[in-house]
Amino acid sequence: MPLPMAPPNIPSSTLTTPNTSYPASTKQAAGHIDHLLTDVTCTSFSDKIMVTITQEGHLAQWIHVPLSVSNPTSTGQYLPTATSQDSLLPMTHLTPKTLLGGSNPQRETIGQLYATQIASIIATKNPHEKRTVLVGLGLSKFEVSRLVFYDTIDLVRKCI
């Protein structure tokens, strides 16, 4: 359920934690990004973490990113360690897959970039996390600027 638009005298970003019961906990955040109300919802299931980013109430693309690595040569000692310069970059071993949407190559690439960045944040926050991350995107504009990308990821960070 999308959050109502905030009146002008209230900060443009809000975080709510609805009262949810077992088995899935949910967090929500909303803010204005590029003059559009953007809603983010994070739901933690026992086997998946679902993150939705919507503008104008639409979802157009679904991407999943497994956090568990099936290739034994890609784990632990073989992964490069993050330095302060590249700590904001998505982890290179994550492999996003578009499930639905991605009707053109640009939309698919941008969607996978968002999904990989979100999965990287989750894996960095909890290195032992092995659930699959499922990202639903409903962005009105896919001509994303760097500022819009960072603002969107920052809003997601408030939910995770």
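**Exercise 1. Look at the loop between β2 (25-33) and β3 (36-44): what is the phi of D34, and how exposed is D34?**

Step 1. Place the residue: D34 sits in the loop between β2 (25-33) and β3 (36-44). Strands here are DSSP runs of E, at least two residues long, numbered from the N terminus. This is a predicted model, where local features need pLDDT of at least 70, side-chain atom pairs count only at pLDDT 80 or more, and totals for chains, interfaces and linings use all residues. Residues are numbered from 1 along each chain as its sequence is written, and side-chain values use heavy atoms, leaving out hydrogens and water.

Step 2. Check the backbone. Most residues other than glycine have a negative phi. D34 isn't a glycine, yet its phi is positive, about 55°.

Step 3. Check exposure: D34 is partly exposed, with a relative accessible area of 37%. (Buried is under 20%, exposed over 50%, partly exposed in between, with a 1.4 Å probe and protein chains only.)

**Exercise 2. Do the same for H35: what is its phi, and is it buried or exposed?**

Step 1. H35 is also in the loop between β2 and β3.

Step 2. Its phi is positive too, about 70°, and H35 is not a glycine either.

Step 3. H35 is exposed, at 76% relative accessible area.

**Exercise 3. Where around the axis of α2 do its buried residues lie?**

Step 1. List them: V148, F149, T152, I153, L155, V156 and C159.

Step 2. These cover an arc of only 155° around the axis (taken from the directions from the helix axis to the C-beta atoms), so they're on the same side of α2.

Step 3. Flip to the other side of α2, and R146 and L147 are exposed.

Definitions and conventions. Helices (H or I, at least four residues) and strands (E, at least two) are DSSP runs, numbered from the N terminus.
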